[in-house]
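Ready for some practice in reading a protein model? Take a moment to look at the sequence and the 3D view, then work through the exercises below.

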Amino acid sequence: MGFFVNDQSQICMFHESGLYATVSGTAVWPGLVQSHDIDTGINKEKLRYCGTSTRNVGRFVDTVEDHTGTLSMYPQDWRFLFFALGSVVDGGSPSPYTHVISEQNSGVLNGYTSGTLIPWVSFSLEDSQKVGITGANFIRTMNGCVADELTISASEGDRFVSVEVPYIAKSCIYTSGAPSTVTEVTTAPYLWQDCKVYIPSGTLVQGLTGFSWHMANGMVPKHYGTGSATVEAVVPSTRDYDFTLDIDPDSTQRKAFYNQYFRGGSEFNCMLHIGKGTGSNDLYLVMSGCQIDDMDDPTSNDGAVCTESITVIPKTASAAVDDQVLKYAAW
């Protein structure tokens, strides 16, 4: 007997190609994973029926399966932004490679997996809890994962930039064998001081103390009549963004935020830049057609300065990345 100790756990990612939910290639290091929560729903139904001569449940029946999870990490690249937005063009040469990430609409083939139901770009996650005894490991592989949401956040107090990816999977496969071999990436994680926000584009937001950029794909898992208990397709519905900023406000910018953008309703473009300042490890996340939807400016006798929280709602988003990763896509 042995205990499953957290320091022996491993998370790795696989691209998918060919048929939806089919693993392709070797294991990929996903980032500095902090947690991975898997929710496997077998959806057992309790049946009561005449003839049991008891008040108790007569039998349990396994119905459709719903598999979801949430991956949380300190990112070393922006691969999961591609899985969330849906489209990437990889290019460039070493130092750096480039990745142009853009929105994918429903009904457009993703180019990596096939099928008449036009599956969204997908990935697999292998979650290994290792015990050091042959045949006693606890390994679950989530196949056919699609990013339902993605959040990028950081703050003055947390130091590290975080990414959280709630996803919907087609199936969960269990094994007790050997985990896949994956090579750790040594690229440094992104830090709070690597983050800058521009509103409008070109104008640096002064006094930024925290932010959270969130997108939701509105993925809907569909169980069609195919003789299988697992999800047949995951269909994207409406896409939504919100970008929340915490600020120690500058007097000049505060007037524009409140009077021109919040009260006046003017649309603007804005940009989140996360980078090391070397020109070879950067994310430029551009948002267009933005409006300030909410603005909180409390007055208090506590604290060193007045604070402000604003929520920006973009219409569209895209990203340009330069880093040391050759391909974000499957090939």
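## Exercise 1: Around one phenylalanine

Leaving out residues up to four places away in sequence, Phe211 touches Ile152, Ser153, Ala154, Trp192, Cys195, Phe243, Thr244, Leu245, Leu272 and Ile274. Here a contact means heavy atoms within 4.5 Å. This is a predicted model, in which local features need pLDDT of at least 70 and side-chain atom pairs count only at pLDDT 80 or more, while totals for chains, interfaces and linings use all residues. Residues are numbered from 1 along each chain as its sequence is written, and side-chain values use heavy atoms, with hydrogens and water left out.

**Task.** Find out which residues of the largest nonpolar core touch the most other members.

**Solution.**
- Step 1: Start with the term. A nonpolar core is a set of buried Ala, Val, Leu, Ile, Met, Phe, Trp, Tyr and Cys residues joined through side-chain atoms within 4.5 Å. Buried means under 20% relative accessible area, exposed means over 50%, and partly exposed lies in between (1.4 Å probe, protein chains only).
- Step 2: Read off the residues. The largest core has 73 residues, and Trp78, Ile152, Ile199, Phe211 and Trp213 touch the most other members.
- Step 3: Look for another core. A second, separate one has five residues, including Phe14, Ala27, Trp29 and Val182.
- Step 4: Link this to a general trend. In soluble globular proteins, nonpolar side chains tend to be buried together.

## Exercise 2: Cysteines

**Task.** Work out how many disulfides the model has.

**Solution.**
- Step 1: Apply the rule. A disulfide is a pair of cysteine sulfur atoms within 2.5 Å.
- Step 2: Check Cys145. Its closest cysteine sulfur, in Cys172, is 9.2 Å away, so this is too far for a bond.
- Step 3: State the count, which is zero disulfides.
- Step 4: Compare surroundings. Cys145 is buried, at 0% relative accessible area, whereas Cys306 is partly exposed, at 44%.

## Exercise 3: Backbone surprises

**Task.** Locate two cis peptide bonds and two positive phi values.

**Solution.**
- Step 1: Recall the background. Most residues other than glycine have a negative phi, and most peptide bonds are trans.
- Step 2: Find the cis bonds. One joins Ser95 and Pro96, with omega about -5°; Pro96 sits in the loop between β8 (86-92) and β9 (97-103). Another runs from Ile199 to Pro200, with omega near -15°, and Pro200 is in the loop between β16 (195-198) and β17 (208-216). The strands named here are DSSP runs (E, at least two residues), numbered from the N terminus, and helices are runs of H or I with at least four residues.
- Step 3: Find the positive phi values. Asn43 has phi near 55° and lies in the loop between β4 (32-41) and β5 (44-47). Ile118 has phi of about 50° and belongs to the loop between β10 (113-114) and β11 (123-129).
- Step 4: Add the exposure. Asn43 is partly exposed at 32%, and Ile118 is partly exposed at 31%.

## Exercise 4: Far in sequence

**Task.** Describe how Tyr74 and Phe160 are placed in sequence and in space.

**Solution.**
- Step 1: Place Tyr74, which is in strand β7 (residues 66-74).
- Step 2: Set the separations side by side. Tyr74 and Phe160 are 86 residues apart in sequence and 6.8 Å apart in space, C-alpha to C-alpha.
- Step 3: List the partners. Beyond four places in sequence, Tyr74 touches Gly31, Leu32, Gln34, Phe160, Val161, Ser162 and Pro189.
- Step 4: Widen the view. Among contacts between residues at least 6 apart in sequence, 68% join residues at least 24 apart.
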